[in-house]
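Subject: Structure for you to look through

Dear colleague,

I am passing on the structure we spoke about, and below it you will find what I found when I went through it. Please keep it open beside this message while you read, so that you can look up each residue as it comes.

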Amino acid sequence: MIKKAAVINDLSGFGKCSLTAAIAILSVMGVQPCPMPTAVLTNQTGYKNHYCIDLTNELHHYGEMWTKNNESFDGIYSGYVAGEKQIDIITDFILKFRRSHTIVLVDPVMADNGRLYSAYNADICKKMCELTKSADIITPNLTELCIISETDYNELISKADDKNYLDIISDIAQNAISHRDQQIAVTGINKDGFVYNGVFSKDESYFTKSKQYGNSFSGTGDIFSSIICASAINGIKLTDSVQTASRFLETAIADTVKEPYNRNDGINFEKFLYQLH
Ligand code: PXL
């Protein structure tokens with residue numbers, strides 16, 4: 001039987017993020033994505049203009065119908081939310097559908113480069129931080145790790161040249177682990193012209209190192225989390241899947257920057273998907 005994951009995220013017409021990334025990546029990695037769209041957007045919110053169809057009032061139907069139809073999931077994977085109330089619905093969904101083998105991955109999408117996404121506010125972030133506590137794996141970027149751990153982002157990145165910068169981040173991440181079996185994969189740690197991704201569990205810290213091209217691209221966090229999600233469902237350990245995700249992003253970003261690009265448009269990942277098969 002094919003493994004299945006409920007994927008709770010938005011559908012954006014441009015930006016190669018959220019469900020656009022998750023559906024492609026889970027599929028090529030042999031996991032059936034079952035989309036539960038939190039919102040439908042003309043494009044992700046980093047562009048100058050966007051229009052968002054907020055599905056908060058529809059979201060509960062998914063849990064209700066999927067219960068009636070006796071559906072079950074090997075993974076539950078959440079990302080971008082269109083409001084605070086959606087986080088209650090996701091919490092409820094996890095309670096209903098989690099079984100002993102289910103991998104719950106929460107990508108606490110809130111912010112990047114020290115700034116909240118335009119549709120987010122402090123109340124949504126507070127709830128999102130609560131939601132991370134129920135996850136087996138969380139995949140914050142460095143800004144989101146700071147929000148979860150109540151660390152000042154600007155103060156932290158001002159230490160990027162310190163030789164113990166990665167140790168400082170390890171300590172922050174280790175302290176943010178909310179229960180014994182939780183693992184954290186942190187994306188987008190910039191230092192000395194490289195991008196590091198970190199994996200943290202109660203007794204392990206591990207970093208991957210990739211070349212840094214440009215600053216940040218739309219959707220890279222979603223591609224990263226989707227690879228981690230499919231890999232975890234396929235029984236692959238997090239240190240290995242973070243390595244795979246780092247190499248995949250490095251390849252796709254190197255290809256993207258060969259020509260003029262707009263960071264909002266995301267990266268050329270489609271032509272490398274076969275490498276994840
Ligand atoms: O990739 C994060 C993300 C997901 N979904 C939407 C976004 C963003 C980041 O800006 O706007 C709609």
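The ligand in this predicted model is surrounded by Asp-10, Ser-12, Cys-17, Ser-18, Leu-41, Gln-44, Thr-45, Tyr-80, Val-109, Tyr-117 and Asp-222. If you sort the residues of this shell by character, they divide into 5 nonpolar, 4 polar and 2 charged. Three side chains in the shell deserve a careful look, and Asp-10 is one of them, with an N or O atom of its side chain 2.7 Å from a nitrogen atom of the ligand. In the case of Thr-45, an N or O atom of the side chain is 2.6 Å from an oxygen atom of the ligand, and for Asp-222 the distance from such a side-chain atom to an oxygen atom of the ligand is 2.7 Å. Taken alone, the ligand would expose 320 Å², and the protein buries 93% of that area.

Ser-18, which is among the residues around the ligand, is also worth a look for its backbone. Although Ser-18 is not a glycine, its phi is positive, at about 45 degrees. This residue is found in helix α1, which covers residues 18–28, and because its relative accessible area is 4%, Ser-18 is buried. Asn-113 likewise has a positive phi, of about 50 degrees, without being a glycine, but Asn-113 is found in a loop, between β6 (111–112) and β7 (115–116). Is Asn-113 buried or partly exposed? With a relative accessibility of 39%, Asn-113 counts as partly exposed.

Next come the aromatic rings, of which the structure holds 10 pairs. One of these is formed by Trp-66 and Phe-73, whose rings are 5.3 Å apart from centre to centre, with 50 degrees between the planes, so that the pair is classed as tilted, a class for angles that are neither under 30 nor over 60 degrees. Both partners can be checked for accessibility: Trp-66 counts as buried because its relative accessibility is 15%, and Phe-73 counts as buried because its value is 2%. Trp-66 and Phe-73 also belong to one aromatic cluster, together with Tyr-62, Phe-93 and Phe-97. Elsewhere, a ring meets a charge: the charged end of Lys-209 sits over the ring of Phe-194, 4.2 Å from the centre of that ring.

Some individual residues follow, each with its place in the chain and its accessibility.

Asn-9 lies in strand β1, made of residues 3–12, and because its relative accessibility is 1%, Asn-9 counts as buried. Asn-9 and Val-109 are 100 residues apart in sequence, while their C-alpha atoms are 9.8 Å apart in space; you will remember Val-109 as one of the residues that surround the ligand.

Val-31 lies in strand β2, and with a relative accessible area of 1% it is buried. Its C-alpha atom is separated by 5.6 Å from that of Lys-4, although the two residues are 27 residues apart along the chain.

Asn-43 lies in the loop between β2 (31–41) and β3 (52–54). Being in a loop does not leave Asn-43 exposed here, for at 11% relative accessibility it counts as buried. The C-alpha atoms of Asn-43 and Gly-13 are separated by 4.7 Å, with their positions 30 residues apart along the chain.

Gln-174 belongs to helix α7, which runs over residues 165–176. Which backbone atom lies 3.3 Å from a polar atom of the side chain of Gln-174? The backbone oxygen of Glu-204 does, and Gln-174 counts as buried, since its relative accessibility of 17% is under 20%.

Cys-146, finally, is found in helix α5, residues 142–149, where its relative accessibility of 2% makes it count as buried. Its C-alpha atom and that of Lys-209, the residue whose charged end sits over the ring of Phe-194, are separated by 20 Å, and the two residues are 63 residues apart along the chain.

With best wishes for your reading

Definitions and conventions:
Residues numbered from 1 in each chain as written. Predicted model: local features only at pLDDT ≥ 70, side-chain atom pairs only at ≥ 80, totals over all residues. Heavy atoms only, no water. Near = heavy atom within 4 Å. Polar contact = N/O pair within 3.5 Å; in protein donor to acceptor, adjacent residues only side chain to side chain. Areas by Shrake-Rupley, 256 points an atom, 1.4 Å probe, with all protein chains shown as cover. Nonpolar A, V, L, I, M, F, W, Y, C, P; charged D, E, K, R; others polar. Phe/Tyr/Trp six-rings, centres within 6.5 Å; stacked < 30°, edge-to-face > 60°. Buried < 20%, exposed > 50% of the residue type's maximum accessible area, 1.4 Å probe, protein only. Lys NZ or Arg CZ within 6 Å of the ring centre and 35° of its normal. Helix = DSSP H or I, 4+ residues; strand = E, 2+ residues; numbered from the N terminus.
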